[in-house]
Amino acid sequence: RAENVGSAEIAGVEASGRVLLGELVSIEANYTWLHAINRTDAPYLDGRRLPGRPTHEMWARVELSDGFGAFAARVSADVAYSGLAYLDQANLKDAGVGTALVGLALGVTRIPERLELTLEARNLLDTISVEDRRGRQRPISDFEGYPLPGRTLIATLRWRN
């Protein structure tokens, strides 16, 4: 069930970058540090971390791309890490441990028509649970009762005019 927070103290730092290695390889990365504290009047909630807001989040992708004739192709792999997050306002239930999810994408573009086909796999390793600090298997979730999906396959056909 949704619960509002009376007041919160939120501060953070985010950094991102992209490096091109010639015309074929690009590397992108992002890091976020978040200080998200409940500052409500209720003494049992004041000073607790906001639910669903991990302190550390990171994302990185490596992409290879090249063109040949009327076509361009790309392949990329990414990893997204999310640190420990609490699932409730009182910080009694945590998500167990941080999680790292791997993705893969393949794309082909027909340049003259600007028609692009992309095949993508998110959570490629089908990670749906992790072992917590006590050795128990816990489902990966953002909020209590809402587990994240397992492997997801997506096909996208895009035309740009």
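## A seven-strand sheet and a pocket

Sorted by class, the residues lining the largest pocket come out as 17 nonpolar, 14 polar and 10 charged. Keep in mind that you're looking at a predicted model. Besides that pocket, there's an open sheet of seven strands to explore, plus a few residues with a positive phi, such as Asn91 and Asn123.

**The largest pocket**

- The largest pocket holds about 800 Å³ of space.
- Its lining is made up of 41 residues, and the ones closest to the centre are Trp59, Ala80, Leu101, Arg122 and Leu148.
- Several strands chip in with two or more lining residues: E3 (56-68), E4 (71-82), E5 (99-110), E6 (115-122), E9 (141-143) and E11 (152-159).
- Which element gives the most to this lining? That's E4, with six residues.

**The sheet as a whole**

- Read across the open sheet and you get the order E1-E2-E3-E4-E5-E6-E11, with antiparallel pairing.
- The two edge strands are E1 (8-21) and E11, and each of them pairs on one side only.
- If you ignore direction, neighbouring strands in this sheet are turned by 15° against each other on average.
- Here's some background on what holds such strands side by side: strands of a sheet pair through backbone hydrogen bonds, and they can do that in a parallel or an antiparallel way.

**E1 and E2, at one end of the order**

- E1 and E2 are antiparallel partners, joined over 14 bridges.
- For one example of a matched pair, take Ser16, whose bridge partner in E2 is Asn30.
- Together E1 and E2 make a hairpin with three residues between them, and in the turn you'll find Gly22 with a positive phi of about 70°.
- Why does E1 lie largely in the open? Because the number of buried residues among its 14 is zero.
- Ser26 belongs to strand E2 (residues 25-38). Is Ser26 buried or exposed? Its relative accessibility is 6%, so Ser26 counts as buried, the cut-off being under 20%.
- Once you set aside its neighbours within four places in sequence, Ser26 is in contact with Arg18, Val19, Leu20, Arg61, Val62 and Glu63.

**From E3 across to E6**

- E3 and E4 run antiparallel and pair over 12 bridges. Ala60, for instance, has Val79 in E4 as its bridge partner.
- E4 is also joined to E5 by 12 bridges, again antiparallel. Here Asp78 has Gly103 in E5 as its bridge partner.
- E5 and E6 are an antiparallel pair too, with seven bridges. Look for Arg110, which stands opposite Leu115 in E6.
- E5 and E6 form a hairpin with four residues between them, and Arg114 in that turn has a positive phi of about 55°.

**Two loop residues to look up**

- Some background first: most residues other than glycine have a negative phi.
- Asn91 has a positive phi, near 60°, and is not a glycine. You'll find Asn91 in the loop between E4 and E5. At 14% relative accessibility, Asn91 counts as buried.
- Asn123 has a positive phi as well, near 50°. Where is Asn123? Asn123 lies in the loop between E6 and strand E7 (129-131). With a relative accessible area of 7%, Asn123 is buried.

Terms used. Residues are numbered from 1 along each chain as its sequence is written. This is a predicted model: local features need pLDDT of at least 70, side-chain atom pairs count only at pLDDT 80 or more; totals for chains, interfaces and linings use all residues. Side-chain values use heavy atoms; hydrogens and water are left out. On a 1 Å grid over the protein atoms alone, a cavity is a set of points where a 1.4 Å probe fits but cannot get out, and a pocket is an open set with protein on both sides within 12 Å along at least five of seven lines; lining residues have an atom within 4 Å of a point. Grid points are joined across faces, edges and corners, and a volume is the space filled by probe spheres set on the points. Ala, Val, Leu, Ile, Met, Phe, Trp, Tyr, Cys and Pro count as nonpolar, Asp, Glu, Lys and Arg as charged, and the others, Gly among them, as polar. Two strands pair if DSSP finds at least two bridges between them. Axes are lines fitted to C-alpha atoms, for helices over the stretch in contact, and angles run from 0 to 180 degrees between N-to-C directions. Buried means under 20% relative accessible area, exposed over 50%, partly exposed in between (1.4 Å probe, protein chains only). Contact means heavy atoms within 4.5 Å.
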